Amino acid sequence: MKKRLQNLKVINNIYLLCDNSKPYPLTSNYIILVMQGAADIIYNNTNYHLTQHMLLFGNFTNTIEIVNTSPEWQCVIIINTNPQVDEVIYSCLQIEKDWHKKLLFIHSHPVLTISDQVLANMQMIFQMFMAHSDSDNIYHQRIQYLLGQSVLFELFAWIDHEMQQHPSQRLEIDQSTDRKQQLMLEFMRLLRETKGRERSVSWYAEQMCITVKYLQAICRSTTNTSPTEIINRVSINEIKSLLLETNMTIKEVAMHMQFSSASSFCKYFHRLTGMSALSYREQR
């Protein structure tokens, strides 16, 4: 039976797949690292068989379903829920001159198999990262920032390796493709900043200095999804997080998400999820 990838157990910023845990929505970019066992999944309407040492680079704009898992299946899911992580990502992208090519390669090849050495390196960095995660010391926070960069650069190095091993799979990036990818990343950055509080496509197009029609074309060509669908998905995921993880009232959540009234908020949530906000909250 297919099941949505929602059952996640929270351990700081690392999430483990756990059937007995409460639903937690995927709200941003994420990485699934298979530790043991195997699973058949459908990601962005494509079938994948995940086994040990495989990484899946997920994006909140694409759906994912687990179809089958082996008895010993275990994976680690790293989800970006921390604004500081965005700072780390963008600092790496500024340093990496060919980041467009890498992100386009990931978009076309979301599943990669990493070596034992890369896995060992990532595990070591993660352990050090988590050791400093709760510290208020400014130097420890700086160490965590640099360790975050180290994880991304470790992945960049492996992606370079994969692109060299499979030259036929390299993407020829023309100027128009490069421009669309930059704009899509800018759209995603705005979505991370607003967390769905802005739900007008025209607002995002205006911020990006492009037309609504062009933004629609960019989303269709890069994600096969409309900007409205993407915005709604981000907005609903943020609302779900607020309902499950805070004690805000329904009215307060509606105000926080910039709805004109609690009534319009409830209608919006029911239209997109098929259930009431109160019923969803009772899952806590």
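**Aromatic pairs.** I started with the rings and got seven aromatic pairs in the structure. One of them joins Phe-187 and Tyr-204, edge-to-face, with 5.4 Å from centre to centre and 85 degrees between the planes. I checked where the two partners sit: Phe-187 is in helix α5 (residues 175-194) and Tyr-204 in helix α6 (residues 201-208). They are 17 residues apart, so I noted this pair as a link between distant parts of the chain.

Note to self: this is a predicted model.

**Buried or exposed at that pair?** I looked up Phe-187 and found it buried, at 0% relative accessible area. Tyr-204 is buried too, with a relative accessibility of 0%. Tyr-204 also pairs with Trp-203: the ring centres are 4.9 Å apart and the planes stand at 85 degrees, so I wrote this one down as edge-to-face. Trp-203 itself is partly exposed, and I have 24% for its relative accessible area. The cut-off for buried is under 20%, so Trp-203 at 24% does not make it.

**A ring cluster.** Next I asked myself which residues the ring pairs link into a cluster. My list reads Phe-259, Phe-265, Tyr-268, Phe-269 and Tyr-280.

**Arg-199.** Then I went looking for charges over rings. The charged end of Arg-199 sits over the ring of Phe-259, 3.7 Å from the ring centre. I found the charged end of Arg-199 over the Tyr-268 ring as well, this time 5.7 Å from the centre. Phe-259 and Tyr-268 are both on my cluster list, so I put a cross-reference to Arg-199 beside the Phe-259 entry and another beside the Tyr-268 entry.

**Cysteines.** How many disulfides does the structure hold? I counted zero. I looked at two cysteines anyway. Cys-209 is exposed, with 68% relative accessible area. Cys-266 comes out as partly exposed, at 32% relative accessibility.

**The whole chain.** Last, I pulled the overall numbers. The protein chain has eleven helices and ten strands. It runs to 284 residues, and 46% of them count as buried. For contacts with a separation of 6 or more, I have 67% coming from residues 24 or more positions apart. The exposed area of the protein chain is about 15000 Å², and 51% of that is supplied by carbon and sulfur atoms.

How values were computed: Residues numbered from 1 in each chain as written. Predicted model: local features only at pLDDT ≥ 70, side-chain atom pairs only at ≥ 80, totals over all residues. Heavy atoms only, no water. Helix = DSSP H or I, 4+ residues; strand = E, 2+ residues; numbered from the N terminus. Buried < 20%, exposed > 50% of the residue type's maximum accessible area, 1.4 Å probe, protein only. Contact = heavy atoms within 4.5 Å. Areas by Shrake-Rupley, 256 points an atom, 1.4 Å probe, with all protein chains shown as cover. Phe/Tyr/Trp six-rings, centres within 6.5 Å; stacked < 30°, edge-to-face > 60°. Lys NZ or Arg CZ within 6 Å of the ring centre and 35° of its normal. Disulfide = S-S within 2.5 Å.
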